[in-house]
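Visitor: I am new to this structure, and I would like to hear how its labels are earned. Could we look at it together?

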4 protein chains.
Amino acid sequence: MSPRPDVSEERKEQIIDAATHVFARSGYAKARMDDIAKETGVSKGTLYWYFKNKDAILLAILDNLLDRELAAIRKLEQQPGSAREQLLATIDITITDLKKMEPLTPLMFEFFSLAKRHKLIQKAIKEYFRKYMEVLNSIIQRGMDQGEFKPGNPQDVSIAIGAILEGTFLLRVYDSKIVKLEEHIRSSVDLLLDGLLV
Amino acid sequence: MSPRPDVSEERKEQIIDAATHVFARSGYAKARMDDIAKETGVSKGTLYWYFKNKDAILLAILDNLLDRELAAIRKLEQQPGSAREQLLATIDITITDLKKMEPLTPLMFEFFSLAKRHKLIQKAIKEYFRKYMEVLNSIIQRGMDQGEFKPGNPQDVSIAIGAILEGTFLLRVYDSKIVKLEEHIRSSVDLLLDGLLV
Amino acid sequence: MSPRPDVSEERKEQIIDAATHVFARSGYAKARMDDIAKETGVSKGTLYWYFKNKDAILLAILDNLLDRELAAIRKLEQQPGSAREQLLATIDITITDLKKMEPLTPLMFEFFSLAKRHKLIQKAIKEYFRKYMEVLNSIIQRGMDQGEFKPGNPQDVSIAIGAILEGTFLLRVYDSKIVKLEEHIRSSVDLLLDGLLV
Amino acid sequence: MSPRPDVSEERKEQIIDAATHVFARSGYAKARMDDIAKETGVSKGTLYWYFKNKDAILLAILDNLLDRELAAIRKLEQQPGSAREQLLATIDITITDLKKMEPLTPLMFEFFSLAKRHKLIQKAIKEYFRKYMEVLNSIIQRGMDQGEFKPGNPQDVSIAIGAILEGTFLLRVYDSKIVKLEEHIRSSVDLLLDGLLV
DNA sequence: TATGAATGAGTTTTCATTCAT
DNA sequence: AATGAATGAAAACTCATTCAT
């Protein structure tokens, strides 16, 4: 109802941005509220005006990250072109996303690590995954229906693609000299398409 | 020869085993030395008799895990059969390994999360990755040399397979109902092989 | 000017005062931060708000004590009268100081004990000593120049006087029944002056 | 009864010697039983075979030190010569002793620091002091009786001398470059004798 | 809204002491 | 006599959270 988003939202975002970097840099446990306050440029007390506690900031970060990615995905949904073209466009967008995420890698893995114990995190990423799979599934399904792809279980293909995307992101952690995010996602997807295309 | 069998190594392993479960359950930060002591069935002081500090226990766990995996990999090195058969055998072994790792998933991601800040962790997993890649590369190379696989860059293929393995392990965290470790690794690798085999 | 008077300095002094007594009573090692907190009437956390650690409190105490003594010494510097009178005035002031220090005797010796290992303590007391010697030296020098004292090395006399002052303070520890701080400093200095005065 | 002191005594002395250095180096609180064990060349458990606990070692060190000094003092008691000569001989012996003590300075001050809280330490040093005073008193008394020294209270003179001895030892802690143990004890005692001698 | 001083529960780590061998 | 693994009490220190201003 308010014509302009009040300052509160803006301040909240500042905190989320700052905290994202602090958590990525130091890890959730090692990051101190003082660090986040300093990085945001406010006092420690202010953090508690906008967020219930440290955990709530973490959750807000996750929601924020997933929202951004989902926004990108939604852009795909009504793209024109062949299934192959649409699939590659999806990969392109995801690569762009993952590249933006690179500096946040430690934080991403922290979310994965916490997922089992932290039901809200679990729920958030599961929901994100479901939406992402939906997009891939529908593209693959269409490709199969239209005879562009070999017939099979679309979900299996989606998961294979998802695994390549996330897996390459992960392999980078082992050795970022050897594993190049964009290059290797593309080469892996190409290999997959070699077998998939009719 | 020694009158009292040296119980040191055994005790160290007990601690490592216990700590592995505690860290996997609670996360490194939340896990208390008391928990590890209790789980091991010794006193807190004993932990410090065998390990310098909490961090040293974490490192020992990682070394332990990687040692076990490398031992499995080494078994592959002189396996007979076609490149395809050997590759599938490698996948089989890795699947078995990954299944054993399933309960430790949060701990694995914690290692990935820590890798950037923790040089010893970084070094350990990098070395592991190098050895794993060596095995895959040599199989793929042989397959290409012998005309079993299409020609190409073996390393790219290895990374695609590595991404599928680790990526599927990761996708499970999103939704373990949808993503089945063994089934989806196999179906993804099959897709890859469809394009790879001549 | 500031709306809330800065309570920081005051609070710091409260802690220093309390800690002085706790350290004198229990010794540095035996004194617990909890004791200091309780004696100050604040929580343990507050101690760490004002001081980095236990050691920093000890240092602050030393600076505080030496500052007070130096302030007393500075009063002497432009006193009128003969060299003998001025020397006795200096002794008087030092006696007054040492009497105030009596309850802190164990702490003083702790500083001396720590001096070799603790460079900041060493530096602080050395600087104090240098200033104290300067005052004595200049008085003795004047007395010699003006023919009031026998000629000689002023520094040797200053050290003799310093030794009597500190030495009497120390002998009290052996047996405070036998050694009376004021009485024996005076009698010892008198003996010295017997030989020194022309 | 046993003709030769059994090995126990010897081992005890080894521990005392080692512990003396460890305590002097690290201070009582910081010194670990492990350090003493290592320095002695035995295991930690062995220390407890010979001493009830850490405190008992400290006490044994003090007794040991005082015994050695008392032995030196006893040598003085029937020295020939004038009172002045005998006094200077006493000073000589004490200087020799104090020089030996120099490396133990931090430990000595630790004893002084502990004296108030630790009744056994207090008692030991008080007894030592009494004996030392007796020797000085009797020399001074004889000097006065025989007209070699000006009449006065012998105890006051003894305390002045004691203060010079201990005080010079202490001033060294302030600045060992400026204060030279032997040189300044001699010069200070000379100043005192200037006034004391008839 | 914003601040930052104050709190105190929580945790790692140390180390004197014990005791089975 | 001697060892050294094991214990657990003790203490320093951290830091999320609160709250008076």
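Guide: Let us begin with Glu13(A), which has its place in helix H1 (residues 7–26) of chain A; a helix here is a DSSP run of H or I with at least four residues, a strand a run of E with at least two, and both are numbered from the N terminus. This is a predicted model, in which local features need pLDDT of at least 70 and side-chain atom pairs count only at pLDDT 80 or more, while totals for chains, interfaces and linings use all residues. Residues are numbered from 1 along each chain as its sequence is written, chains are lettered from A and ligands numbered from 1 in the order in which they are written, and side-chain values use heavy atoms, with hydrogens and water left out.

Visitor: Why is Glu13(A) called partly exposed?

Guide: Buried means under 20% relative accessible area, exposed means over 50%, and partly exposed is what lies in between, with a 1.4 Å probe and protein chains only. Glu13(A) has 46% relative accessibility, and therefore counts as partly exposed.

Visitor: What makes the negative surface patch, and which residues form it?

Guide: The negative patch is formed by Glu9(A), Glu10(A), Glu13(A) and Asp17(A). Patches are made of residues with over 30% relative accessible area and no salt bridge, where like charges are joined within 9 Å and nonpolar side chains (Val, Leu, Ile, Met, Phe, Trp, Tyr) within 5 Å. Asp and Glu count as negative, Lys and Arg as positive, while His and the chain ends are not counted.

Visitor: Which residues gather in a patch of positive charge?

Guide: That patch brings together Lys116(A), Lys119(A), Lys126(A), Lys177(B) and Lys180(B), and of these Lys119(A) lies in helix H7 (residues 119–145) of chain A.

Visitor: How do you know that Glu102(B) and Arg172(B) form a salt bridge?

Guide: A salt bridge is a side-chain nitrogen of Lys or Arg within 4 Å of a carboxyl oxygen of Asp or Glu. The closest N and O atoms of Glu102(B) and Arg172(B) are 3.4 Å apart, so the pair satisfies the limit of 4 Å. The two residues link distant parts of the chain, 70 residues apart, with Glu102(B) in the loop between helix H5 (83–101) and helix H6 (105–114) of chain B and Arg172(B) in helix H8 (residues 154–174) of chain B.

Visitor: Are these two partners buried or partly exposed?

Guide: Glu102(B) has a relative accessible area of 25% and is therefore partly exposed, whereas Arg172(B), at 7% relative accessibility, counts as buried.

Visitor: What makes Lys131(B) and Glu127(B) a salt bridge, and where do they lie?

Guide: Their closest N and O atoms are 3.7 Å apart, which is within the 4 Å of the definition. Lys131(B) and Glu127(B) both lie in helix H7 (residues 119–145) of chain B, four residues apart, about one turn of the helix. An α-helix has 3.6 residues a turn, so residues three or four places apart point the same way. Lys131(B) is partly exposed at a relative accessible area of 28%, and Glu127(B) counts as partly exposed at 34% relative accessibility.

Visitor: How many salt bridges does the structure hold over all chains?

Guide: Over all chains the structure holds 40 salt bridges.

Visitor: Why does Asp156(A) have no salt bridge?

Guide: Asp156(A), in helix H8 (residues 154–174) of chain A, is buried, yet the nearest side chain of opposite charge, Lys180(B), is 12 Å away; a salt bridge needs the nitrogen and oxygen within 4 Å, so this pair does not qualify. Leaving aside residues up to four places away in sequence, Asp156(A) touches His184(B), Ser187(B), Ser188(B) and Leu191(B), where contact means heavy atoms within 4.5 Å.

Visitor: What makes helix H6 of chain A mostly covered?

Guide: In helix H6 (residues 105–115) of chain A, eleven of its eleven residues are buried, among them Phe109(A), Glu110(A) and Phe111(A). Of the 198 residues of chain A, 54% count as buried.

Visitor: What elements does chain A hold?

Guide: Chain A has nine helices and zero strands, and its C-alpha atoms fill a box of roughly 60 × 45 × 25 Å along the principal axes.

Visitor: Which chains does chain B not touch?

Guide: Chain B and chain C do not touch, their nearest C-alpha atoms being 22 Å apart, and no contact joins chain B and chain D, whose closest C-alpha atoms lie 13 Å apart.

Technical notes: Accessible areas come from the Shrake-Rupley method with a 1.4 Å probe; for residues, only the protein chains shown count as cover. The place of a charge is taken as NZ of Lys, CZ of Arg, CG of Asp or CD of Glu.
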